[in-house]
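The following exchange examines how certain descriptions of a structure are justified. Each answer sets a value against the criterion behind the term.

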Amino acid sequence: MRVFKVIHKASLTLVMAAIAALFLFPIVITFTNSFMTAQEIDFNYGPIGQINEATEKGKKLFGNLKWLPDQVSMEQYGKVLVGSSNYLKMFWNSVFLVAPIIAGQILVAAFAAYAFSKLQFRGRDRWFLVYVMTMLMPFQVTLVPNYIMADKLGLLNSPYAIIWPGIFAAFGVFMLRQFMLHIPYAYIEAAKMDGAGHLRIFFTIIVPMVKPGLAALVVLLFVDYWNMVEQPLIFLEDPFRQPLSVYLSRINDEPGIAFAASVLYMTPMVLLFLYAETYFIKGIQLSGIKG
Amino acid sequence: MKQWFFRQGAAMKIMKWMRRDAAAVWIFLAPSAAGFALFYLIPFMMGVFYSFVDSPVDLHFAGLENYRELLASGSFRKAAFNTFYFSAFSVPLILALSLGLALLLNSKLYFRKWLRTAYVLPLVVPVASIVLVWQILFDWNGSVNAWLSGLGVDRMDWMNSEVARYVIMVVYLWKNIGYNVILFLAGLQQIPKDYYETAYVEGAGRLRQFSGITLVYLTPTMFFVVILSIMNSFKVFRETYLIAGDYPHDSIYMMQHYMNNMFTSLDIQKLTAAANLMVGCILLIVMGLFAVERRYRQFME
């Protein structure tokens with residue numbers, strides 16, 4: 001009976017591991033292939049994207065997805081980092097877009113979430129519904145007015161056209177409100193009895209209690225804005241101001257260095273995630289338990 | 001001395017004022033509300049206004065003319081259908097799959113934490129990094145076709161046929177399942193174990209337990225997951241754009257492609273009209289969800 005249980009547990013683990021492998025496979029491939037030489041890349045992936053040529057010859061020439069490089073080389077990384085590409089410039093463009101958005105949104109959203117979860121005012125739930133609505137709306141919905149507004153404020157072709165709307169986006173409010181709903185009113189009542197004002201309550205009770213939520217929000221916002229595509233395409237015409245996400249979609253024409261560029265691009269994200277994973281998971285979990 | 005008293009008095013007054021909720025609401029909500037109004041609410045209302053005039057320069061009231069033209073446009077209908085189809089198909093699918101994975105992950109397993117990390121990792125990997133692999137897989141000369149022809153099956157042009165839609169769905173699932181799994185896991189762990197024991201004693205089968213206990217107590221989590229999944233199903237435009245560019249195959253031509261193209265061709269009327277129709281649909285969905293949640297809460301009480 002006991003043996004049967006162990007077998008059951010092991011086989012289930014095996015199935016789940018197979019699914020996990022499926023999830024990890026594109027990431028692993030990108031990583032291992034980033035150590036290939038340009039020659040090997042060309043040899044393996046040359047036929048990709050060349051529809052006509054490959055069929056005209058009458059042969060089926062396929063790209064060959066390879067797990068491991070024949071020869072480990074840092075050639076791609078060298079080219080990306082010190083070669084002629086604008087990689088580093090774009091990297092910093094990304095950082096300067098994403099960092100202010102995260103810092104700003106966290107601050108603004110935490111305040112607003114407190115109001116939406118712990119304060120009473122008329123029309124509270126209705127206004128919250130409006131926030132949730134805009135959170136669901138694709139960026140294009142307010143594209144024209146936003147463009148006109150950015151033009152009037154003189155923000156066109158400036159990162160601020162992206163940063164300001166990013167700071168006031170509703171997602172942070174939604175997420176943190178969800179979180180603050182868990183904090184019992186009793187804590188706040190007790191602090192009030194002791195003579196604490198709302199600001200004091202907010203900074204000494206609420207903020208420490210929603211730390212996992214804040215951590216989760218930082219990671220989620222990082223993911224979201226680090227991946228941003230639509231906004232920079234519209235608001236930043238100058239290619240030298242565009243972030244990496246847009247640049248990488250073009251670098252794919254140059255597979256010789258694309259893998260290394262991709263790895264470098266995802267590294268900050270993955271490191272942040274692994275560093276904050278416990279917090280992140282806890283943060284996400286607590287946000288979803290109570291509606 | 002007098003001055004000190006005065007200051008103290010003013011400070012006391014401010015403190016008292018602060019303690020009243022109405023004032024606190026202003027202080028806490030004002031920064032967000034101001035920015036939200038400026039960058040979301042007012043632009044949205046401007047959009048509604050533009051959709052009813054015949055050009056943003058003349059500002060002649062045009063009634064429903066823009067909407068009539070929009071609905072007559074073939075590319076709009078295509079985009080609307082694709083977006084609707086995508087969300088209507090992939091959201092239930094991701095709910096089912098992530099709930100299934102969460103249930104499995106919640107049973108007795110080795111390496112549970114590692115497995116969970118593996119499922120969540122795609123969420124934090126930027127798609128731009130992975131696009132290359134997707135292309136290598138689904139290109140005409142790509143690896144999937146190589147494997148297919150190895151099995152003696154004819155190759156197909158994944159990204160330039162109806163199947164493209166499902167390729168994008170796979171990308172969507174791959175990216176977002178992990179997040180939902182975490183949410184469901186948390187919800188599952190909230191359900192007291194003795195509910196199941198009682199049900200078991202009373203003779204309820206596995207399926208009955210699942211529908212009578214698990215699903216009922218997961219409803220609040222479900223509400224949250226559905227909202228996020230819908231939001232992310234609209235965000236899949238990015239992946240589509242990165243994989244297939246400005247002009248993808250018809251089957252993955254989304255509302256966002258349409259609106260982007262209307263923007264490039266400066267057809268403001270159609271863009272805003274399309275945007276408003278989309279918002280109308282989203283509003284209906286959100287209100288429906290909130291209504292379900294309210295009823296559930298009443299039911300539980």
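The questions below concern this predicted model.

Q: What makes Leu176(A) a residue in contact with Ala109(A) and Val210(A)?
A: Two residues are in contact if their C-beta atoms, placed from the backbone, lie within 7 Å. Leu176(A) touches Ala109(A), Ala110(A), Ala113(A), Val210(A), Gly213(A) and Leu217(A), leaving aside residues up to four places away in sequence. Therefore the C-beta atoms of Leu176(A) and Ala109(A), and those of Leu176(A) and Val210(A), lie within 7 Å.

Q: Why are Ala112(A) and Ala274(B) called buried members of the largest nonpolar core?
A: Membership of a nonpolar core requires a residue to be buried, with 20 or more other C-beta atoms within 10 Å of its own. The largest nonpolar core has 169 residues, and Ala112(A), Leu176(A), Val219(A), Phe222(A) and Ala274(B) touch the most other members. Ala112(A) and Ala274(B) belong to this core, so both are buried. Helix H5 (residues 87-118) of chain A gives the most to this core, with 15 residues.

Q: How many residues make up each side of the contact between chain A and chain B, and which classes occur on the side of chain B?
A: Chain B contributes 88 residues and chain A 86 residues. Helix H2 (residues 21-50) of chain B gives the most to the side of chain B, with 16 residues. By class, the side of chain B that touches chain A has 64 nonpolar, 18 polar and 6 charged residues.

Key. Residues numbered from 1 in each chain as written. Chains lettered and ligands numbered in written order. Predicted model: local features only at pLDDT ≥ 70, side-chain atom pairs only at ≥ 80, totals over all residues. Helix = DSSP H or I, 4+ residues; strand = E, 2+ residues; numbered from the N terminus. Nonpolar A, V, L, I, M, F, W, Y, C, P; charged D, E, K, R; others polar. Core = buried A, V, L, I, M, F, W, Y, C linked by C-beta atoms within 7 Å. Buried ≥ 20, exposed ≤ 12 C-beta atoms within 10 Å, placed from the backbone.
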